[in-house]
Amino acid sequence: MQLQLQYFLLLAAALFCVGIYGLITSRNAVRVLMSIELMLNAVNLNLMGFSNFLDSQAIKGQVFTVFVITVAAAEAAVGLAIVLAIYRNRDTVDMEAFNLLKW
Amino acid sequence: MSEFLLQTIWMVPLYPLAGMILTIPWSPGMIRRTGPRPSGYVNLITTFFAFLHGLFALTAIWNQAPYQIFIPWLQVANLDLTLPLEISTVTVGATVVITGLNVLAQIFAVGYLEMDWGWARLFALMAFFEAGMCSLVLCNSLFFSYAILELLTLGTYLLVGFWFNQSLVVTGARDAFLTKRVGDLFLLMGVLGLYPITQTWNFTDLAEWASTAQIDPKLAALLGLALIAGPLGKCAQFPFHLWLDEAMEGPLPASILRNAVVVATGAWVLVKIQPVLSLSPVSESAMFIVGGATAIGASLISVAQIDIKRALSYLVSAYMGIVFIAVAAEQTQTALLLTFTYSLSMALLVMGIGGVVWNNTTQDLTQYGGLWSRRPVSAFAFIIGGMGLIALPPLGGFWSMQKLVEQLWISNPSIAVLVLIVNGIVAFSLTRTFGLVFAGQVKPMTYRSPEIHWPMALPMMFLSGLNLHVPLLFLQWQLLPSLETVNLTVPLSLAVSSLVGFALSGVIYLNNNWQKPVQLGWKPLQDFFAYDLYTPTLYKVSIVFVVDLISRVMYAIDRYLVDGLVNLTGIVTVFSGQTLKYNVSGKGQFYILSILLGISFLVILVSWPFLSQLLIVSK
């Protein structure tokens, strides 16, 4: 079986969807951050796939991936910091408890 | 001099108008210190000048051909509204009668309103009436006649509502305005309907047109009925007669004018449009029916009244009914003659009872009695007025009635008999009033009843003299029938009908032995006439009920349906805002979900052409 671009893209899409599902349904704020990481990884998979199959000479996609990993790390750090800040005030990381800014 | 006054005859309505404006400063709110009397004197002077002007002009126009003068008013597109004035013996003579009666009524008012502060308003309104009536008789156009009639309707409203702190006055003024207004509005329909056919509103041109006109009989009938409706309301004919009864709540000097002249304005217009009315036999028979029914009905009602003023006001309706009959019989000259004699007599009658009411306070006929020996002036005025009104030779009313009945005898014998019967009933009614007021036993209300003071006695006496001179005037004007040609049946039957009325009433009311109050054998019938055929109730259950119901329904529709629809829009908007705000749930994850749903929806929308192609291909 020849590995094809479509398989990578479908896998990445599946991973993205799993990430979305986690993002929307999780009650734990850290898990939300983890789901975001899943989605970013799905994006990275896409970039790697395209870079390998369509741009194997210049591999710009791989450069992109490096950047995404870097920014994702920074973002996770900031995210965790925000979660910590909220936790200090409200003593919980339950997303359901963060609904103060409604109508 | 009189030639110049004839040239400027159009100024006659301007004198009372000037008087009207000049009275205003003496309203209690403006000149606060010296009282309202000068307003009356100013008006008397202006009215007297108008009277003199008319009188001199009358001598100049006597035996001359009538002519018209035109005063341009408004020209717009194809409509030329020029005010034509007809200067003829009849119109100038009518202004003399109007201004003359006004002078007398105003002198009477000076006496009658001794204890009243409202002179400025009363005299201003009486002057307004005088101006309106003078311009009505001079103006020779149906359109302007209509406009003046409407002004007079407004004047009636204000004048009847003179003492507006009395509740009956307020309702009376309301009914007087609305009833006359309805008639006037029908008249407006007729006026507007006439123009496309005739292209003119000038009475002279209308008469010329009518002499050769060939129009659809249905159209002619409808036009005629609409044109009759205006005078119908103005002349207080059945079924528009209730207002005159209620208008008796107004001040008495104004009633003199109303009874004598104002109701005659309707008859004047009716006489003027008679050529148009004669185009349709339907409208002529309608006039016969209305006039006949009113004459009989109103004279019977007047017999059953116990209010002294109302006992006369129904006779006004009855006499106007006879004028309607005269116009229906195409006797316009007789109708004018009848109006003339009627005006003089009725003014005298109202003055007579006004003098009695003034210092006996009551108007209840059952509380009067025995005034004859102490009130000779009032009694004399009442007798002269009464004899002048009904057909009793040799006074004025007899000659006009004789002319009318003589011609009716040939064309419409049944109507002639009806007029004879009405004449008898009127004689009965007047004798009854006289008997109850002046004859019989003195009652507590009439125990001390001095004769009136000079401002009321003077016009009364003067008018009595005038009434007595009417036959001589007729002789002078060659209006009396020559003795050789006259058919004796008619004068005799008229005299007999009057005398029978006198005699019957005399037996009952001039006879102290007859039990009073007189009871008719059958009480409901007596009540039926005493309560004016229950006309107020009739109005209440028919037209007032329907209009009231419809207006309530319309109000409810407006209040709930129309307003409700608009309010519903607002309520829906508020409600949707109140509900949709819950979209802002405050949950971050929910916002992310909405973003994702939005994006996916947009993507599907944008890529729909490709997707559908894919689906087709895969099949």
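Modeller: Helices are DSSP runs of H or I with at least four residues, numbered from the N terminus. This is a predicted model: local features need pLDDT of at least 70 and side-chain atom pairs pLDDT 80 or more, while totals for chains, interfaces and linings use all residues. Residues are numbered from 1 along each chain, chains are lettered from A and ligands numbered from 1 as written, and side-chain values use heavy atoms, without hydrogens or water.

Biologist: Start with the second largest pocket. Which helices of chain B each supply at least two residues of its lining?

Modeller: A pocket is an open set of 1 Å grid points that fit a 1.4 Å probe, with protein on both sides within 12 Å along at least five of seven lines; lining residues have an atom within 4 Å of a point. In the second largest pocket, 34 residues meet that test, with Val303(B), Arg432(B), Tyr509(B), Val518(B) and Gln526(B) closest to the centre. The helices that each give at least two are α13 (281-303), α18 (413-438), α20 (489-509) and α21 (523-530).

Biologist: Now the largest pocket. Which helix gives the largest share of its lining?

Modeller: The lining of the largest pocket counts 42 residues, and those closest to its centre are Gly93(B), Ala94(B), Val97(B), Phe340(B) and Trp477(B). Six helices of chain B give two or more residues: α3 (37-61), α4 (89-112), α5 (119-138), α11 (252-272), α15 (332-360) and α19 (454-476). The largest share is 12 residues, from α4(B).

Biologist: On to charges. How far apart in the chain are Asp245(B) and Arg310(B)?

Modeller: They form a salt bridge (a Lys or Arg side-chain nitrogen within 4 Å of an Asp or Glu carboxyl oxygen), with the closest N and O atoms 3.0 Å apart. Asp245(B) sits in α10 (residues 242-246), Arg310(B) in α14 (residues 308-328), and the pair links distant parts of the chain, separated by 65 residues.

Biologist: Is Arg310(B) buried or exposed?

Modeller: Buried means under 20% relative accessible area, exposed over 50%, partly exposed in between (1.4 Å probe, protein chains only). Asp245(B), at 10%, falls under the first cut-off. Arg310(B) has 11% relative accessibility, so Arg310(B) counts as buried.

Biologist: What separates Lys523(B) and Asp527(B) in α21?

Modeller: Their salt bridge has its closest N and O atoms 3.2 Å apart. Lys523(B) is partly exposed because its relative accessibility is 43%. The two stand four residues apart in the helix, so the separation is about one helical turn.

Biologist: Which residues do shared salt-bridge partners join into one network?

Modeller: Over all chains there are 13 salt bridges. One of them pairs Asp175(B) with Arg174(B), N to O 3.0 Å. The network joined through shared partners comprises Asp245(B), Glu249(B), Asp307(B) and Arg310(B).
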